[in-house]
Amino acid sequence: MSEECVLIVDDDLAVRKVLHRVLASNGFSHQEAASGEEALAILRHKTFDLIIMDITLGNMDGFEVVQHLRGAGNKTPIIILSGRSEDYNTLYGLDIGADDYITKPFNPVLLGAKVKALIRRNKTAVEAGHNILTIGPFTYYNDTMRLFKNKEEVPLSNKENQMMKLFISHVNQIFTKEQLYQQIWGDSIVDTNAVMVYVSHLRNKIEDDPKNPAYLKTAWGLGYQFVVASQSSVGSDGSSSREYLRGETPMWDLNTLEK
């Protein structure tokens, strides 16, 4: 399985470096945005397991970004990170849709624990609602009919979308060309050429090497099947990351960091 990915939204490079170390030490990958506008542009094409959002971002502050995301139906967990410690800011952030609030300077162990807890809670809630189908690097959202591979959206036509949903809902099951045509086109008069054309289109979009497909395979003499080999999760920088958490770093004082 691919590792969880967090979007860091902060205009301070020093803060982003600290957050990078915190996330890496907990086994998370990440992407960075230095402004609210950049964050929204990224989120239009990619999903994340969690967002860490600074408040003071320039033209569009973090509160505005949170309001925009929630207004658009984006339910990704959000932790607000800010130097503002007033109760009003905390309550306001939570009221408009943020899931948690942590102030600077922050304890890296506490932040890592909050990130893990929120991601775990959100995954449990979403999967309980049967809104998504996840297998290997693929995630299919039933409610919006959108497909992602390694968290990058894969644009699909209507027929490609129907075909992908059928395959990802029935992993390892072999479908004959006749079954595929009847299920997707809804016609008893089968056009096997149409099936082959759309299988080729789909392979071009989901495979790393369409000529040697790893996922959408041909079952010779039978039809097609969608297969995803099981993958074990392996950390990328184990010992150095764990050593970071064992170091004597009870709080991050951002004023002491080099920019």
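Begin by selecting helix α3, residues 62-71, where Gly62, Phe63, Val65, Val66 and Leu69 are buried (under 20% relative accessible area, with exposed meaning over 50% and partly exposed in between, for a 1.4 Å probe and protein chains only). These residues lie on the same side of α3 because they cover an arc of only 160° around the axis, the arc being that of the directions from the helix axis to the C-beta atoms. Helices (H or I, at least four residues) and strands (E, at least two) are DSSP runs, numbered from the N terminus.

The model is predicted: local features need pLDDT of at least 70, side-chain atom pairs count only at pLDDT 80 or more, and totals for chains, interfaces and linings use all residues. Residues are numbered from 1 along each chain as its sequence is written, and side-chain values use heavy atoms, leaving out hydrogens and water.

Next, select Gly73, just after α3, which takes a positive phi of about 90°.

Proceed to helix α2, residues 36-43, in which Gly36, Ala39, Leu40, Ile42 and Leu43 are buried. They too share one side of their helix, because their arc around the axis is only 160°. Display β1 (5-9), β2 (29-33), β3 (50-54) and α3 as well, since the cover over the buried residues of α2 includes them.

Then move to Pro105, in the loop between β5 (100-103) and α5 (108-128). The peptide bond from Lys104 to Pro105 is cis, with omega near -5°.

Finish at the loop between β8 (146-149) and β9 (152-154), which holds Asn150. Asn150, although not a glycine, has a positive phi of about 50°, and it is partly exposed at 43% relative accessibility. Lys151 is found in the loop between β8 and β9; its phi is positive, about 70°, although it is not a glycine. Lys151 is buried, with a relative accessible area of 18%.

Technical notes: Contact = heavy atoms within 4.5 Å.
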